[in-house]
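Here are a few short exercises to try with the model open beside you. Have a go at each task before you read on to its solution.

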Amino acid sequence: MIERLLETWLDKANERSFQIPFAHWLAFKGYTVLHVSRHCAMEIGKDVIAIAPDGVPCAYQLKGLDGGMMTLSKWRDDLGKQLHPLVHAKIVHPSLNTSQHHRSYIVVNGDFHEVVQREIDDFNRGMIDAGQPERVVTTIVKGELFQAFNELQSEFWATNLNDLKTYLELFLEDGSGPLPKQKLASLLHDALPLEPANKKRPSNNESARSLVGAAVICSAAISSFTLAENHVAEFEAWTIFWCYTMGLAEKWKTPFKTIEFAANLASDSIFSSLGRLCDELITREHYFEGDPLLDRPVYGVRMTQLLGLMGLYGLLLQNKLRTNEGETDRQHLDFAIKFCEMHKNKLLLWGEYAIPQFLAWNYFRKTYDATPKGDFFYSTLIKTICRKNNIDSKNTLPNAYYDAEAILPYELGLANKPLNDSFSRYSHYLESLMHLFIRGNYKQEMKSLFPDITQIGFRYFDPGDMWRYFMYRNEDCGTDITKFLVPPHKWEDLRRKSEESNGDEIPFLLKEYPLHYLTMLLVMPYRVNASGLRWLDTILQDQIQDKSWMMNE
C-alpha cells in the first residue's frame, strides 16, 4: 500500500514537488546540499548543488514528466538546451572553494525515450573521446527515484504515515483552494517522534531520519497545491513543517546541528514560495478571482493577506540584500514596495487572524517610510479592537483562531446555524499593540486610549511545555489565560514593561530565526504573546534603522 502511494505521488509530481525530498535524500546519503532552486522567474543555474561524500561537487537538473516519457521533441525543446550549461558552466557558490570539475546529473520522474538515451550517450562519448570523462552526464529516472525514496520506507512510511485517510484527502485535493492546515499538521505530528509524552528520547540520528520522512510526506501530501501553483498554500505548508521541525528539537533538546538542514531547507521553501507569489502578482492586471462581483465579499480578505505576505517577503529580501545574498532580488523588492503602497487602502480588519498580516505590512512600510505613520497605525488598531470588542458591541472581531474560511460563511450569511462563540471583552493582540504604541512614547494619545483598553481582557495561550508552542493546535494541553489591566497605572511602569524585550515566553530556538516568528504568526496567529512581540519589535526596529540594503543595488 505504501509503495503504491509513493509511486502514485511520483507519477503526479513535477520537479518542485520532488525537489525537496530529493535534497533530503541526498543529505540522508551523506551529501552536503549547498543550493536548492527557487524556481522563480529570476532563477538561473542548477536545481540542486551538493558535495558528494568523496568531496566532488555535484550539479542536478530536475524535470517533472508527470510520470511519462521524455520524447525527442521535449528533450530538444527543454532539457537538451540545458545540457551544455549544466555540464560546462562552472558552479559558483560561496561555500564551494574547489577548482575540481563537478559531476552532472539529470533527474526525471519518468523515463527517456530510446532516441533521447542515444543523444545523451552520444554526448557522453564525445566527452570521453575529447579526454574529458569528468564531464559526462548521468541520468536518474523514475525507477531510481522510487528506489531512493522507498529505501527509507522502513524508516518512516510504514510506522509514521498511520492516517492514510488524511493523507489521501490532502493528496486528492484539487490544489486551488485553501490548504487544510490541520490535516497537514496531523500528518507531521504522526511523522515525528513527539508523542506520547513519556516516549524515550530519540537519538540524534533517529530525529534526523524522521525529518527526512516528514519532508517526503509533506511534499507528497501537498503535491496538488504545488501542481496548481498555489503559492500561498505552499508557504503555509512549509511554515508548518518548519514549526514542527523546531518543535521536535525543542522537545528533546536536540542539537541544532541535527535539525539545521531540515529547518534551513524549509526556510528556503518558505522564501521561494513568496518569490513565486511575487512573480505571479507582477504579471497580474488585477487581483480578483473569477467574477469580480461575486468575488467582492472576499476581495478585502485576500488583499490583506497578500499585503502581509509581500510585507514579510520585503523584509526577507532586505535581509538578503544586507548580507549580499540577494542582489538579483532588487526587482522583487521594488515591486513589493510598490504593491504595499499602492494597495494599502485595501487592508481589511475582518478578524484578529488578520492582525499579523497588518503587522508584516506595517513593519515593511517602516523600512522605507520614516514618518510616525507606522506608530500611529498601532493606535488605529487599538481603537478598532476596543470599539468592536467592548461589552455593548454587536459586531465583534472574531478571535485569532478563526481564519477566513471559518468565519466568512457566518459573515456572508451562508452558515447553516449561528456561530456558537463570543468574542466580546477579550483580545489576543491588544496587549502587544498597546506595548508597541507605548514604545513610541505617545503619552497623551495613550492616556485617551487607556480607559477603553482596561475594558478588554488580554488573552494568550500558555502551552505548558515550550515545545508545544510550535504545534499547530494543542487541543488537550495548555491553558488560555485572560487578564485585565486594573487602573490606575503609572506611565513609567507602562513604559518599563513595554521596553522589556527578553522574549522569555517564546522558545529559545525561535530566536535563531527572528523573522520566522512573524512568519509563524501569519499561519498560526494565536501563538502571539506580548513578550514575544516585544522581542520581535526590538529586533525589527534595529533592522528598520539599518538602511544598508538600499546601498546594494
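## Exercise 1: the second largest cavity

Helix α12 gives the most to the lining of the second largest cavity, with three residues. This is a predicted model, so please treat each solution below as a reading of a prediction.

**Task.** Work out which residues line the second largest cavity and how they divide by class.

**Solution.**
- Step 1: start with the space itself, a volume of about 50 Å³.
- Step 2: list the lining, which consists of V232, F235, E236, Q305, L309, Q357, L522 and V523.
- Step 3: assign these residues to elements; α12, α14 and α22 (514-523) are the ones that give two or more.
- Step 4: sort by class, which yields five nonpolar residues, two polar and one charged.

## Exercise 2: the largest cavity

**Task.** Find how much space lies in the largest cavity and which element gives the most to its lining.

**Solution.**
- Step 1: count the cavities of 30 Å³ or more; there are two.
- Step 2: take the largest cavity, which holds about 180 Å³ of space.
- Step 3: look at its 17 lining residues, of which R16, Q19, I20, S269 and R276 are the closest to the centre.
- Step 4: trace the elements that supply two or more lining residues, namely α2 (15-28), α12 and α13.
- Step 5: pick out the main contributor, α13, which gives five residues to this lining.
- Step 6: finish with the classes: five nonpolar, eight polar and four charged residues line the largest cavity.

## Exercise 3: the second largest pocket

**Task.** Describe the second largest pocket by its volume, its lining and the helix that gives the most to that lining.

**Solution.**
- Step 1: note the volume, about 840 Å³.
- Step 2: turn to the lining of 32 residues, where S176, N230, V232, R302 and Q305 lie nearest the centre of the pocket.
- Step 3: V232 and Q305 also belong to the lining of the second largest cavity, so look for them in both places.- Step 4: find the elements that supply at least two residues each: α12 (231-252), α13 (256-283), α14 (292-322) and α18 (404-411).
- Step 5: name the top contributor to this pocket, α14, with five residues.
- Step 6: divide the lining by class into 16 nonpolar, seven polar and nine charged residues.

## Exercise 4: strand β3 and its partners

**Task.** Find which strands pair with β3, and in what sense they run.

**Solution.**
- Step 1: begin with β2 (residues 48-51), which runs antiparallel to β3 and is joined to β3 by four bridges.
- Step 2: locate one pair in this arrangement, I51 with its bridge partner P57 in β3.
- Step 3: follow the chain between the two strands; β2 and β3 form a hairpin with five residues between them, and G55 in the turn has a positive phi of about 90 degrees.
- Step 4: move to β5 (residues 103-108), which pairs with β3 in the parallel sense over six bridges. Here C58 stands opposite R103.
- Step 5: check burial. Six of the seven residues of β3 (residues 57-63) are buried, so the strand is largely enclosed by the rest of the structure.

## Exercise 5: the cysteines

**Task.** Decide how many disulfides the model has, taking a pair of cysteine sulfur atoms within 2.5 Å as the cut-off.

**Solution.**
- Step 1: apply the cut-off; the count is zero.
- Step 2: test it on C243, where the nearest cysteine sulfur, that of C218, is 12 Å away.
- Step 3: ask about surroundings. C243 has 0% relative accessibility and counts as buried because the limit for buried is under 20%.
- Step 4: repeat for C278, which is likewise buried, with a relative accessible area of 0%.

Methods
Residues are numbered from 1 along each chain as its sequence is written. This is a predicted model: local features need pLDDT of at least 70, side-chain atom pairs count only at pLDDT 80 or more; totals for chains, interfaces and linings use all residues. Side-chain values use heavy atoms; hydrogens and water are left out. Buried means under 20% relative accessible area, exposed over 50%, partly exposed in between (1.4 Å probe, protein chains only). Two strands pair if DSSP finds at least two bridges between them. On a 1 Å grid over the protein atoms alone, a cavity is a set of points where a 1.4 Å probe fits but cannot get out, and a pocket is an open set with protein on both sides within 12 Å along at least five of seven lines; lining residues have an atom within 4 Å of a point. Grid points are joined across faces, edges and corners, and a volume is the space filled by probe spheres set on the points. Ala, Val, Leu, Ile, Met, Phe, Trp, Tyr, Cys and Pro count as nonpolar, Asp, Glu, Lys and Arg as charged, and the others, Gly among them, as polar.
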